[in-house]
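Colleague: I am new to reading models like this one. Could you go through it with me and show how each word is earned?

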Amino acid sequence: MHGPASPGWLLVALCAATGAYCVLRMRSPVEEQRRTAGGEALMGFGMAAMAVPAAVASPPRWVWLTCAVVFGVAALPALRAARSSRHHLHHLMGAFAMVYMAAVMTASPAHHVHGGAGVPVLTGVLLLYFTGYVLRSGVRLLPLAVASGTVASGGGPRAVGWGDRPELSQACRLSMGISMLAMLVTL
């Protein structure tokens, strides 16, 4: 992505760590959680790859085109699942945003200039969506963090593994939403 190298590398680290945690979540005994975690791992690692600062590595157009195809294919299961779950609608929006960013980078991999016309409409819509998602996710995370304190202190009926902790999976989604905002801003 475009922008200064230091924040770009921090974004790469955050997205890669999020993807790695999602891989851990794929060990859950709950099938739906494993499937969701797999899609989120793909998104985290894909975002890490796309966030590498352009000043360090400016991949050829075919790399961006490949990213667009991969996330386009990843959107297909999310499209099917979105009919029954709003959460999957968010996965669809995330995959669409990745396809969009890869397409923009395919058109101009070395540098992207808006031509003085301001932010493109589609970028603005995606920025609004992910801003709302981040704010809503942050608010929803607060009660989960408080509730997990009682479970962690022995108040819960069962031990919860790292992959099944709702506050960690919500924090994972929140960090990916924040990362998506950062990537869209630097687009």
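**How the words are earned**

Modeller: Happily! Let's start with one pair: α2 passes α3 in a left-handed crossing. That word is used when the near helix is turned anticlockwise from the far one by less than a right angle, while a clockwise turn gives right-handed. Two notes before we go on: this is a predicted model, in which local features need pLDDT of at least 70 and side-chain atom pairs count only at pLDDT 80 or more, while totals for chains, interfaces and linings use all residues. Residues are numbered from 1 along each chain as its sequence is written, and side-chain values use heavy atoms, leaving out hydrogens and water.

Colleague: How many helices and strands are there in the protein chain?

Modeller: There are 6 helices and 0 strands. Both are DSSP runs numbered from the N terminus (helices H or I, at least four residues; strands E, at least two). Along the sequence the pattern reads α-α-α-α-α-α.

Colleague: What makes α2 and α3 roughly parallel or roughly antiparallel to each other?

Modeller: Helix α2 covers residues 31-50 and helix α3 residues 61-81, and they pack at about 165° with their axes 12 Å apart. The axes are lines fitted to C-alpha atoms over the stretch in contact, and angles between N-to-C directions run from 0 to 180 degrees. Under 35 degrees counts as roughly parallel, over 145 as roughly antiparallel, 65 to 115 as roughly perpendicular, and the rest as oblique. The angle of about 165° is therefore on the roughly antiparallel side.

Colleague: Which residues of α2 and α3 meet?

Modeller: Leu42, Met43, Gly46 and Met50 in α2 meet Trp64, Cys67, Val70, Phe71 and Ala74 in α3. Contact here means heavy atoms within 4.5 Å. The residues of this contact divide into 8 nonpolar, 1 polar and no charged.

Colleague: And where does α6 come in, next to α2?

Modeller: Helix α6 (residues 166-185) and α2 have axes that come within 11 Å and cross at roughly 35°. This crossing is left-handed. Thr36, Glu40, Met43, Gly44, Met47 and Met50 in α2 meet Arg173, Met176, Ser179, Met180 and Met183 in α6. These divide into 6 nonpolar, 3 polar and 2 charged.

Colleague: Why does Ala102 count as buried or exposed?

Modeller: Compare its value with the cut-offs: buried means under 20% relative accessible area, exposed over 50%, and partly exposed in between (1.4 Å probe, protein chains only). Ala102 has 0%, so Ala102 is buried. Ala102 is found in helix α4 (residues 86-107) and touches Met50, Trp64, Cys67 and Ala68, not counting residues up to four places away in sequence. The C-alpha atoms of Ala102 and Ala68 are 5.2 Å apart, although 34 residues separate them along the chain.

Colleague: Does the rule work for His91 too, and what is its relative accessibility?

Modeller: His91 has 15%, so His91 counts as buried. His91 is also in α4 and, leaving aside neighbours within four places in sequence, is in contact with Thr36, Glu40, Met43 and Ala78.

Colleague: What joins the side chains of Ser137 and Gln170?

Modeller: A polar contact of 3.4 Å. The term needs a pair of N or O atoms within 3.5 Å; within protein, one must be able to donate a hydrogen and the other to accept it, and residues adjacent in sequence count only if both atoms are side-chain atoms. Ser137 is in helix α5 (residues 121-155) and, with 0% relative accessibility, is buried.

Notes
Ala, Val, Leu, Ile, Met, Phe, Trp, Tyr, Cys and Pro count as nonpolar, Asp, Glu, Lys and Arg as charged, and the others, Gly among them, as polar.
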